[in-house]
Amino acid sequence: MIVKSIRFGQFEIPDNKIIIMEKPVLGFENLRKYCLVEIEEMSPLLWFQSIEDTAISFLVVNPRVFFPDYKIEVNSKEIAELNIKQVKAVETYAIVTLPNNPEEITINLQGPILINTENNLAKQLVLVNSKYHVKHRIMNVIPSSSKETHTIKKQLVEI
């Protein structure tokens, strides 16, 4: 399938890489088809690009990159909606928000996106009664010592 994007131009993805949102991203309920766009220099960050709206793409990351102890409880209803047979087939992503000030970059840990990689069904969860919030500052949790950390910080600032 040919995908058109304001951010990335036109590119092709295999049909089996199309992600169908069973429960869409909040505020974007009319958009149900997405794909993940990997840019090697930005790893571990990815773009969650809408296939239906060229202007919509979300910067996402596995929340455990910045919050290694991140854990969520998924109830049986959500498991059924995504037709999950194996937990290890589920990938979790969180949306990253990029304000003008890089020190204020946040990640939404309260609204993770789950993707069943076996069938590409996905949904955004809204965690209630959770210790997680919509805005967790990333720069506060990134140690400043390692080379990898410097690379991630640089990538976030340059976006």
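Modeller: A helix here is a DSSP run of H or I with at least four residues, a strand is a run of E with at least two, and both are numbered from the N terminus. With these labels, N83 is placed in the loop between α1 (76-81) and β7. The model is a predicted one.

Colleague: How many helices and strands does the protein chain have, and what pattern do they follow?

Modeller: The protein chain has 2 helices and 11 strands. Along the sequence the pattern reads β-β-β-β-β-β-α-β-β-β-β-β-α. Of its 159 residues, 42% count as buried.

Colleague: Why is N83 called partly exposed?

Modeller: Buried needs under 20% relative accessible area and exposed needs over 50%. N83 has 40%, which lies between these two limits, so it is partly exposed.

Colleague: What makes the phi of N83 worth a remark?

Modeller: Most residues other than glycine have a negative phi. N83 is not glycine, yet its phi is positive, near 55°. N129 is another such case, with phi near 50°. N129 lies in the loop between β10 and β11 (136-137).

Colleague: Why is N129 called exposed?

Modeller: The relative accessible area of N129 is 84%. The limit for exposed is over 50%, so N129 passes it.

Colleague: Which peptide bond is cis, and how do you know that?

Modeller: The bond from S43 to P44 is cis, with omega near 15°. P44 is in the loop between β4 and β5 (46-50). For comparison, most peptide bonds are trans.

Colleague: How many aromatic pairs are there, and why is the pair of F28 and F58 called edge-to-face?

Modeller: The structure holds 6 aromatic pairs. For F28 and F58, the ring centres are 5.0 Å apart and the planes stand at 85°. A pair needs centres within 6.5 Å, and edge-to-face needs planes over 60 degrees apart, so both conditions are met. This pair links distant parts of the chain, 30 residues apart: F28 is in the loop between β3 (19-23) and β4 (33-38), and F58 is in strand β6 (residues 57-61).

Colleague: Why is F28 called partly exposed, and why is F58 called buried?

Modeller: F28 has 24% relative accessibility, which is between 20% and 50%, so it counts as partly exposed. F58 has 11%, which is under 20%, so it is buried.

Colleague: Why is the pair of Y34 and F58 called tilted?

Modeller: The centres of these rings are 6.4 Å apart, and the planes are at 40°. The distance is within 6.5 Å, and the angle is neither under 30 nor over 60 degrees, so the pair is tilted. Y34 in strand β4 and F58 in strand β6 are 24 residues apart, and the pair links distant parts of the chain. Both Y34 and F58 are buried.

Colleague: Which residues form one aromatic cluster?

Modeller: The cluster consists of F28, Y34, F48 and F58.

Colleague: How do you know that R7 lies over the face of W47?

Modeller: R7 is placed over that face at 3.9 Å from the ring centre. The distance limit is 6 Å, so the value falls within it.

Colleague: What makes strand β9 (residues 113-116) covered on both faces?

Modeller: I113 and I115 are buried on one side, and L114 and N116 are buried on the other. In a regular strand the side chains alternate between the two faces of the sheet.

Colleague: Which strands pair with β9, and how do you know that?

Modeller: Two strands pair if there are at least two bridges between them. Strand β7 (residues 90-97) and β9 have 4 bridges in the antiparallel sense, so they pair. Strand β10 (residues 121-124) also pairs with β9 in the antiparallel sense, over 4 bridges. Y93 has I113 of β9 as its bridge partner, and L114 stands opposite K123 in β10. The hairpin of β9 and β10 has 4 residues between the strands, and N120 takes a positive phi near 60° in it.

Colleague: Why is P24 called buried?

Modeller: P24 has 12% relative accessibility, under the limit of 20%, so it counts as buried. P24 lies in the loop between β3 and β4. P24 and I113 are 89 residues apart in sequence, and their C-alpha atoms are 9.2 Å apart in space.

Terms used
Residues numbered from 1 in each chain as written. Predicted model: local features only at pLDDT ≥ 70, side-chain atom pairs only at ≥ 80, totals over all residues. Heavy atoms only, no water. Buried < 20%, exposed > 50% of the residue type's maximum accessible area, 1.4 Å probe, protein only. Lys NZ or Arg CZ within 6 Å of the ring centre and 35° of its normal.
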